[in-house]
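Q: Could you take me through one part of this protein slowly, and show how it fits with its surroundings? I would like a single connected account that I can follow with the structure open beside me.

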Amino acid sequence: VYAYWQILNYKRDFDRVGEGHGGVLLAMLTLYPIIPFFFIALRLARGHFRNHYTPPEEGVPLEGFVDADVVREMNRLDNQCREEGRPTSALAANHTWVKYRDGKVAVKGVTFGVENGECFGLLGANGAGKTSTMRMLQLELDPSGGNVTFGNMSAAYSGSINGVRQIVRQGICQQHDTLQGSLTAFDNIELYLRLRLGSSYRREEWAEYIESILKLSHLPTNRLVSQFSGGMKRKLAVSLSIFTGGQVIYLDEPSTGLDPFARRLLWKMVTSSLALDRAVLLTTHS
């Protein structure tokens, strides 16, 4: 309605100055209805995820597989796919690689699987593509080839990206700060629990649980997060990713800026999450 109101205004303006307006009006009448359909089509093209296996011979850049552990893990996943038709891991990357528009190949065909109750360390120098790999696994970056699969879903599953995220229940600790500085640590954790659990959340039932998380993390209950040090913020970010209902946990450089005591505490928190049968993927230099 707003678009056609604009067209009528343009027509009156053209009539006022005595200029022709037929071609302009025709172009506007053609383009205005097309624009929203273009964005809808773009969203639909981006919004589907397919969970299936891509053999390594289909154009995957395999150069660089010289580490024995990398080759062993790739062979393990390939054998799973041959026997089961897909990886059986809680989280798996199948010959997944990404090439950016400038021609740079940022990730050259990674293959690994993370089981429930396992912490998988993704190691590499700065610029090696660790964060790009994490973004593909989090369904934030479309791979140029290969697949990302989740073991608790059918190999034939096809649906929206948001639907996949709801089923997988990801817990993510990114390198940059995503905390709510105007809230306390208690309130930050409660916010995530409310988002995860919705109407089933009862504050009085979860207060003791939140207090236990803060005790494990050595964090104060009533201080605003904006007053936290950098290390305290990292511990809270890790707690949010691990202890608020996520099943697949991504920790991107979680130990950055932590002193030795806080780093040991971090590994204790990760170990505690494995007892909850979580699949944990982390990148680290530690």
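**A close look at strand 8**

A: Let's start with strand 8, residues 248-252, which is mostly covered in this model: five of its five residues are buried. Please keep in mind as you read that the model is predicted.

Begin with the directions of the side chains. In a regular strand, side chains alternate between the two faces of the sheet. In strand 8, Val248, Tyr250 and Asp252 point one way, while Ile249 and Leu251 point the other way. Both sets are buried, and buried here means a relative accessible area under 20%.

Next, look at what lies alongside. Strand 8 has a partner in strand 7, residues 170-173, and four bridges join the two, which run parallel. It is also joined to strand 9, residues 279-283, by five bridges, again in a parallel arrangement. Leu251 is a handy landmark for both pairings: Cys173 stands opposite Leu251, and Leu251 in turn stands opposite Leu282 of strand 9.

How does the chain get from strand 8 to strand 9? Follow helix 9, residues 260-274: strand 8, helix 9 and strand 9 make a right-handed β-α-β unit.

Now pause at Thr283, which lies in strand 9. Thr283 is buried, with a relative accessible area of 0%. Its side chain makes a polar contact with the side chain of Asp252, at 2.6 Å, and Asp252 is one of the buried residues of strand 8 that you met above. Leaving aside residues up to four places away in sequence, Thr283 touches Leu122, Lys130, Met134, Leu251, Asp252, Glu253 and Pro254. Thr283 and Gly124 are also worth finding on screen: they are 159 residues apart in sequence, yet their C-alpha atoms are 8.1 Å apart in space.

Two of those contacts lead us to helix 4. Thr283 touches Lys130 and Met134, and both are among the buried residues of helix 4, together with Ser132, Thr133, Met136 and Leu137. Helix 4 covers residues 130-137, and six of its eight residues are buried, so the helix is largely enclosed by the rest of the structure.

Just beyond helix 4, have a look at Leu139. It follows the helix and has a positive phi, near 65 degrees, in a residue other than glycine. Leu139 sits in the loop between helix 4 and strand 5, residues 145-149, and is buried, with a relative accessible area of 6%.

You can set that beside His218, another residue that is not a glycine, with a positive phi of about 60 degrees. His218 is in the loop between helix 7, residues 203-217, and helix 8, residues 230-242. Here the setting is partly exposed, with a relative accessible area of 48%.

Finally, step back to the whole protein. It has nine helices and nine strands, and 41% of its 286 residues count as buried. Among contacts between residues at least 6 apart in sequence, 69% join residues at least 24 apart. The accessible surface comes to about 15,700 Å², with 56% of it belonging to carbon and sulfur atoms.

How values were computed
Residues numbered from 1 in each chain as written. Predicted model: local features only at pLDDT ≥ 70, side-chain atom pairs only at ≥ 80, totals over all residues. Heavy atoms only, no water. Buried < 20%, exposed > 50% of the residue type's maximum accessible area, 1.4 Å probe, protein only. Pairing = 2+ DSSP bridges. Right-handed = clockwise from strand over helix to strand, strands pointing away. Contact = heavy atoms within 4.5 Å. Areas by Shrake-Rupley, 256 points an atom, 1.4 Å probe, with all protein chains shown as cover. Polar contact = N/O pair within 3.5 Å; in protein donor to acceptor, adjacent residues only side chain to side chain.
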